[in-house]
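Trainee: I have a new structure open and no idea where to start. Can you walk me through it?
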Amino acid sequence: MRKRESRTAGGEVVKMMVTVVDFLECAHQLPDMPWLTTKKCCNLHGHTYKVEMDIEAEGRGGIEMEDIVVDFGRVKEVLRRFDHRYLNDEFKKVKNYESRPTTAENFATLLWQEVQEILPAGTFVVGVRVWEGFKGDQSNLVTLSY
Ligand SMILES: [Zn+2]
């Protein structure tokens, strides 16, 4: 495979980043954890999750596909595996997540891990933002950054 460098007209090597945005409808239920101030999340319920994922490719030799950082469709295939699903069951299918509660924080790290696995060499997830219960300014936002 031919290696490609991304250079500006001035010759500097640059990194490229794209942000993939998607919405997922998921059901989940949290166990009765001591840190829950209200117990409403212990009931089966659902959210619209907004997911923004920043993906970066190294400028020098890391970009394997011509002219793009990543195939958005492949990333969305991974994200959509969780759409219209019960997250508690989905977490049980992923190593090291089997007994973790389905918090937005854990969902964000799981999505990070699952997408990173399908990326070509030299391409990395560098940021994830997950809004749980996406309702404009009433959302709960979790941000992870590399
Ligand atoms: Zn919830």
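Mentor: Let's go through the overall layout, then the sheet, the helices, the core and two loop residues.

Mentor: Keep in mind that this is a predicted model.

Trainee: Okay. How many helices and strands does the protein have?

Mentor: There are 3 helices and 5 strands. Starting at the N terminus, the order of elements is β-β-α-β-α-α-β-β.

Trainee: And what share of the residues is buried?

Mentor: Of the 146 residues, 23% are buried.

Trainee: What about contacts between residues far apart in sequence?

Mentor: Take the contacts with a separation of 6 or more: 63% of them join residues 24 or more positions apart.

Trainee: Now the sheet. In what order do the strands sit?

Mentor: The order is 3-1-2-4-5. The sheet is open, and its pairing is mixed.

Trainee: Which strands are at the edges?

Mentor: Strand 3 (85-86) and strand 5 (140-145). Each has a single partner strand, so one side of each has no neighbour in the sheet.

Trainee: Let's go pair by pair. Which way do strand 1 and strand 3 pair, parallel or antiparallel?

Mentor: Parallel, over 2 bridges. Ala 27 has Tyr 86 of strand 3 as its bridge partner.

Trainee: How many bridges join strand 1 to strand 2?

Mentor: That pair has 13 bridges and runs antiparallel. Look for Leu 24, which sits opposite Tyr 49 of strand 2.

Trainee: And strand 2 with strand 4?

Mentor: Antiparallel again, with 9 bridges between residues 45-57 and residues 123-132. Glu 52 has its bridge partner, Arg 129, in strand 4.

Trainee: Does anything pack on this sheet, then?

Mentor: Helix 1 (residues 72-80) does, touching strand 1 (16-28) and strand 2. The directions of helix 1 and strand 1 make an angle of about 25 degrees.

Trainee: You skipped strand 5. How does strand 4 pair with strand 5?

Mentor: They are antiparallel, with 6 bridges. Gly 127 is opposite Ser 145 of strand 5.

Trainee: What holds paired strands together in general?

Mentor: Strands in a sheet pair through backbone hydrogen bonds, in a parallel or an antiparallel way.

Trainee: Which strands does helix 3 lie across?

Mentor: Helix 3 (residues 104-118) lies across strand 2, strand 4 and strand 5. Helix 3 runs at about 150 degrees to strand 4.

Trainee: At what angle do helix 1 and helix 3 pack?

Mentor: The angle is about 140 degrees, and the axes are 10 Å apart. That makes the two helices oblique to each other. Their crossing is right-handed.

Trainee: Which residues make that contact?

Mentor: Helix 1 brings Arg 74, Val 75, Val 78 and Leu 79. Helix 3 brings Leu 111, Glu 114, Val 115 and Ile 118.

Trainee: Switching to the core. How many residues does the largest nonpolar core have?

Mentor: It has 24 residues. Met 53, Ile 55, Leu 111 and Val 130 have the most contacts inside it.

Trainee: Which elements give two or more residues to this core?

Mentor: Strand 1, strand 2, helix 2 (87-92), helix 3 and strand 4 do.

Trainee: Say more about Val 130. What is it in contact with?

Mentor: Set aside its neighbours within four places in sequence. Val 130 then contacts Tyr 49, Val 51, Ala 104, Phe 107, Ala 108 and Val 142.

Trainee: Is strand 4 mostly covered or mostly open?

Mentor: Mostly covered, with 7 of its 10 residues buried.

Trainee: Last topic, the loops. Where does His 84 lie?

Mentor: In the loop between helix 1 and strand 3. His 84 is not a glycine, yet its phi is positive, at about 55 degrees.

Trainee: Is a positive phi common?

Mentor: Most residues other than glycine have a negative phi.

Trainee: Is His 84 buried or exposed?

Mentor: Exposed, because 10 other C-beta atoms lie within 10 Å, and the cut-off for exposed is 12 or fewer.

Trainee: And where is Asn 96?

Mentor: Asn 96 is in the loop between helix 2 and helix 3. Asn 96 has a positive phi of about 75 degrees and is not a glycine. Asn 96 counts as exposed, with 10 C-beta neighbours inside 10 Å.

Technical notes
Residues numbered from 1 in each chain as written. Predicted model: local features only at pLDDT ≥ 70, side-chain atom pairs only at ≥ 80, totals over all residues. Pairing = 2+ DSSP bridges. Helix = DSSP H or I, 4+ residues; strand = E, 2+ residues; numbered from the N terminus. Contact = placed C-beta atoms within 7 Å. Axes fitted to C-alpha atoms, helices over the stretch in contact; angles between N-to-C directions. Core = buried A, V, L, I, M, F, W, Y, C linked by C-beta atoms within 7 Å. Buried ≥ 20, exposed ≤ 12 C-beta atoms within 10 Å, placed from the backbone. Parallel < 35°, antiparallel > 145°, perpendicular 65-115°, else oblique. Left-handed = near helix turned anticlockwise from the far one by under 90°.
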